[in-house]
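Please open the structure in a viewer and keep the selection tool at hand. The tour below proceeds stop by stop, stating what to select and what is found there.

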Amino acid sequence: PHGCTYLKPLETQSELPSPHHHVKKEERHSNTRCETILDMIGNTPLVHLKNLSQDYGIKCNLYAKCEYLNAGGSVKDRIGLRMIEEAEKAGQIKPGDYIIEPTSGNTGIGLALTCAVKGYKCIIVMPEKMSKEKNDVLKALGATIIRTPTSAAFDAPNSHISEAQRIKERLNAENPGCAHILDQYTNPYNPIAHYDGTAEEIINQLNGKVDLIVSAAGTGGTICGIARKIKEKCPDCKVIGVDPVGSILALPDQMNEFSGPGFYEVEGIGYDFIPTVLDRFHVDAWFKSIDKESFKLSRQLIKREGILCGGSSGSSTYCAIEAIKKYGLKEGQNAVIILPDSIRNYMTKFLSDEWMVARGFMEAPISDKDPWWTN
Ligand code: PMP
């Protein structure tokens, strides 16, 4: 019917493409055969954002470090694996023990993934704000999940940090030495994972020429680890930190004054205290991000570049565009944005038009009429 020929069988093998039609793709990964999936943490690609650069009139080369392509879907897989490996090396933990962590979810997923492969029990303590998608992935990985009120201050007895501590003490009272908090907020291997991995990879991917690098901060492990390595190897590179309005990580402190409530929707960035691993003086300049622009830029990364990133990626991209303009980056210079996690964590949040419209982050779509070819 309708002149379609796809149901017709091939008459002869000679109708198959001849050998010269086949293309062998350049091999990019030498490690595609893995002992475990943990081998797929790190060595993430750097992608040139050509369409977005054109949209925003950016002359320099703008690259995205695609941390969402790590095995567990985020930049925090690196520290989940590294903190466990180092605790094993130091003889502090053994399979069968409990690994407990207060987290906004991605460190939890990185830890739970490593725990699944290595045979640890995992307990994740996470504020209510964090998505159901993160919760469900953690559950599937076998973690026990405890939710705490989003409004609890970091040092309140019902915060995710206090709750994790309480669980650890209770378990250790029953069975001494069985429960551990590796503690991303103070563990030196959080920034070291990025000093050794993320930053080293970026410098190699750009043959040592990095002019500007932008990363949003939660614990600050990513930005501080990167900043330390960059300052050693590319001392002229500007390191830009991104902190949401409603958080207090940016410097100078006046930047953190705001008129609205402290709540913001973007997950995984910003805090109401300065984590030990965040040495803010390693950062050359801070930019503040807002929800609306963050989600707009995340959606543009998806639509214009096919980059299936999460919300904090949009925060960094929004601020990167501002920083590139402010510092006047020119043709031939290289700017890098860290994209921490994936849209997988936010399918029912900023990927949904209804969710976006209800929060005033976008106008209601004008028409949802089918395009002419479906009529
Ligand atoms: N973005 C997302 C989505 C995250 O989960 C995190 C980690 N909390 C960050 C950014 C910031 O990373 P870091 O903790 O290394 O500052």
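Where does the ligand sit? The ligand sits in the largest cavity. Please note from the outset that the model is a predicted one.

**First stop: the ligand and its shell**

Select the ligand together with the 17 residues around it. Those that come nearest are Lys76, Gly218, Thr219, Thr222 and Ser312. By class, this shell around the ligand consists of nine polar, five nonpolar and three charged residues.

Next, display Thr222, where an N or O atom of the side chain is 2.5 Å from an oxygen atom of the ligand. Then display Ser312: here a nitrogen atom of the ligand is 2.7 Å from an N or O atom in the side chain. At Gly220 the partner belongs to the backbone, with a polar backbone atom 2.8 Å from an oxygen atom of the ligand. How much of the ligand does the protein bury? Taken alone, the ligand exposes 390 Å², and the protein buries 98% of that.

**Second stop: the cavity that holds the ligand**

Now hide the ligand and turn to the space itself. Rolling a probe the size of a water molecule over the atoms shows where empty space is left. The structure holds two cavities of 30 Å³ or more. The largest cavity contains about 280 Å³ of space. Select its lining of 28 residues, of which Val75, Lys76, Gly218, Gly268 and Ile269 are the closest to the centre. Which elements give two or more residues to this lining? They are helix 3 (106-118), strand 7 (212-216) and helix 7 (221-233). The lining of the largest cavity divides into 15 polar, nine nonpolar and four charged residues.

**Third stop: the second largest cavity**

Select Glu265, Val266, Glu267, Phe295, Gly311, Tyr346, Lys349 and Trp355, which line the second largest cavity. Its volume is about 40 Å³. In this lining, four residues are nonpolar, three are charged and one is polar.

**Fourth stop: the largest pocket**

Proceed from the cavities to the largest pocket, in which about 480 Å³ of space lies. A total of 26 residues line this pocket, and Thr150, Tyr264, Gly270, Tyr271 and Asp272 are the closest to its centre. Colouring the lining of the largest pocket by class gives twelve nonpolar, twelve polar and two charged residues.

**Fifth stop: two details of the backbone**

Select Leu251 and Pro252, and inspect the bond that joins them. Is this peptide bond cis or trans? The peptide bond between Leu251 and Pro252 is cis, with omega at about -5°. Pro252 is placed in the loop between strand 8 (238-244) and strand 9 (285-289).

Finally, move to Asn43, in the segment before strand 1 (46-48). Although Asn43 is not a glycine, this residue has a positive phi of about 55°.

Terms used
Residues numbered from 1 in each chain as written. Predicted model: local features only at pLDDT ≥ 70, side-chain atom pairs only at ≥ 80, totals over all residues. Heavy atoms only, no water. Near = heavy atom within 4 Å. Polar contact = N/O pair within 3.5 Å; in protein donor to acceptor, adjacent residues only side chain to side chain. Areas by Shrake-Rupley, 256 points an atom, 1.4 Å probe, with all protein chains shown as cover. 1 Å grid on protein atoms, 1.4 Å probe; cavity = no way out; pocket = protein on both sides within 12 Å on 5 of 7 lines; lining within 4 Å. Sits in = over half its atoms within 2 Å of the grid points. Nonpolar A, V, L, I, M, F, W, Y, C, P; charged D, E, K, R; others polar. Points joined across faces, edges and corners; volume = space filled by probe spheres on them. Helix = DSSP H or I, 4+ residues; strand = E, 2+ residues; numbered from the N terminus.
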